[in-house]
Amino acid sequence: MTVTYTIDVSNIHSTGFLKTIFRWKGSLWKLVWHELIIWCVAYAILSVCYRTAMSEESRIIFEGVASLCYKYGDFIPFSFMLGYYVTLVVGRWQTQFNAIGWVDKSVMLSSSYIRGRSERARIMRRGVARHMCLLQILVFRTICVPVRKRFPTLDSLVAAGYINEDEKGDLADNKFWLPIKWAMNYVRMAREEGLITSDNALQDIYLELCTLRVQLLSLWLADWVPVPLNYTQIIFISVRTYFAVMIVGRQYLSHDRYASRYPVDAYVPFLTMIQFVVYIGWMKVAEALLNPFGSDDDDFECNWIIDRNLKVALAMADMGTELAPPLLKDAHWDEADVTPYYTPDTVDHKQNGAVGSASMMNLRPAEMVSVEKLDEIRRNSTLLVRVSTALKSLRESESREEIYSMSRRGSNGETTRASIRKRKWSISSETSVSSSIDMEAEKPRKGVGRGRRPIVRNYSDIVEDEDEHRHEDNYLATIDEHPCQRRRVMSEGPKSDPKMALVKSESMRRVKSTPDLKTRRVL
């Protein structure tokens, strides 16, 4: 029989789950209580004998055995095998429940397609429904003990009204195909007599009859080929052997020379008892679901299913196709917007209807454009990005040059260099965007890295001085930018030019007059 507790867990309140814990019928306690009592009695007898009846030599031997059982008892790999076994059994149980056979769809199609109010049409509809229920009983009689006890012989089926005396002679326990064959013959006769007006309707009824037969036959085959016996034996032996070993291994030892000695003498091994209830109960679940057509608390209610199918099938067969309530206007006929009704206890209940997650986004309106227009917008946006990047680089360069110029001023507010004429530089950036930049000559040229000359390309000299002024400005700017290179720069000057002597002497004079130039960092 089936134990229903769904109403107790309709919400997550703890009281509902406490009710399920303390229920007895179909509960964990009903499954394990007798084995738990046997285990506790055996543990108590062995503990009393160790504490009072054993000699010193016997106690030493017992302590060694207990330590051995405690140390190597976990070598029994039962937890992994038990978990896989329970998963396999629960999967089979779910499959069998889905194939248990409900005749509603088959009888609904046959009673709808076989038309007419005549006695002949009614006999055919009821005959098809009755033979569907007969097939289910024949299958259940071979796999379910309660159904077999209810219908021990074919005469009991005659007495129950599922078959008549003429049909009993051809019927047998394993002739599962015969009721479906009789039902198909009735449907074919109805088609020949014009009670079924379409070959497609005939095909639909045949298909539903074959589907019902396949489902019920799968139950019979699952009963014939169960879970392999050796797997069931391994689970049964490993779990119970482990707790038999723990009767000795979990004993309290009075001497501390063993690693298995507990710090406190608990007398009652309550932690081991909890472990026993959990694992034995887990195994009992698999044992109860291994054959759901038995007489356990959680087995299928096969007799109720048989009775229900017969009542529903005959009721739908008698209704036929012409029996229907009169067509009338419904209560919301004149309402454009239907207003639902609630009881006073449920009207204030907050409902969270189905709303798409993307519909909650607040997006600004946008103009719809064609694909060609979109490509043009992308090209223009790319050009704007490049121009904005160049302008940003220009502003950053001017900001750094201004900070560097301010850092080059002395304490008395005077600049350390003389004003140099304005020049125009064309600087190539890393983003390959060229722009003409007007810079004050009093700002030193920007270098790339420490200890390197500034990278200057395509510069246009717009001054009207002689060549020595250009050499002078170039070398002085290089020396001021990084003092560590002043010796190398001085040596790289043109040796044959007599005008460079003045440049060298001027640069050495500047270096000697600024002793803190070595510690000044170039920004």
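## Residues 36–54 and helix α2

Over residues 36–54 of this predicted model, the chain is 95% helix and 0% strand. The C-alpha atoms at the two ends of this stretch lie 26 Å apart. UniProt, in an unreviewed entry, assigns the feature "transmembrane region" to residues 36–54 and also to residues 264–282.

Helix α2 covers residues 28–53 and has 26 residues. At 1.5 Å a residue, α2 should span 38 Å, and because its end C-alpha atoms are 36 Å apart, the expected and computed spans agree. The helix nevertheless contains a kink of about 35 degrees, centred on H34.

## Packing of α2

The buried residues of α2 are V32, E35, L36, W39, Y43, S47 and Y50. Their packing partners are α3 (56–72), α12 (229–249) and α13 (270–289).

## The largest pocket

The largest pocket encloses about 980 Å³ of space. Its lining is formed by 32 residues, of which V3, Y5, G26, S27 and D298 are the closest to the pocket centre.

Five elements are listed as giving two or more residues to this lining: α1 (14–21), α2, α4 (78–98), α13 and α14 (302–319). The greatest contribution is that of α13, with six residues. Helix α13 thus appears in two settings, as a packing partner for the buried residues of α2 and as a contributor to the pocket lining.

## Helix α6

Helix α6 runs through residues 119–143 and comprises 25 residues. At 1.5 Å a residue its expected span is 36 Å; the end C-alpha atoms are 37 Å apart, so the two values agree. Burial is extensive in α6, which is mostly covered, with 19 of its 25 residues buried.

## Two individual residues

E208 belongs to helix α11 (residues 199–224). Its relative accessible area is 14%, and because the cut-off for burial is under 20%, E208 counts as buried. When neighbours within four places in sequence are set aside, the contacts of E208 are K105, S106 and L109.

V9 is located in the segment before α1. Its relative accessibility is 26%, so V9 is classed as partly exposed, a category that lies between the 20% and 50% limits. With neighbours within four places in sequence left aside, V9 is in contact with F17 and T20. V9 and T20 are separated by eleven residues in sequence, while their C-alpha atoms are 8.1 Å apart in space.

## Overall organisation

The secondary structure of the protein consists of 18 helices and three strands. Of its 523 residues, 32% count as buried. Contacts between residues at least 6 apart in sequence can be divided further by separation: 72% of them join residues at least 24 apart.

Conventions: Residues numbered from 1 in each chain as written. Predicted model: local features only at pLDDT ≥ 70, side-chain atom pairs only at ≥ 80, totals over all residues. Heavy atoms only, no water. Helix = DSSP H or I, 4+ residues; strand = E, 2+ residues; numbered from the N terminus. Expected span 1.5 Å × (residues − 1). Bend = angle between axes of the 7 residues up to and from the residue. Buried < 20%, exposed > 50% of the residue type's maximum accessible area, 1.4 Å probe, protein only. Contact = heavy atoms within 4.5 Å. UniProt positions renumbered as here; feature names shortened; annotations may be inferred. 1 Å grid on protein atoms, 1.4 Å probe; cavity = no way out; pocket = protein on both sides within 12 Å on 5 of 7 lines; lining within 4 Å. Points joined across faces, edges and corners; volume = space filled by probe spheres on them.
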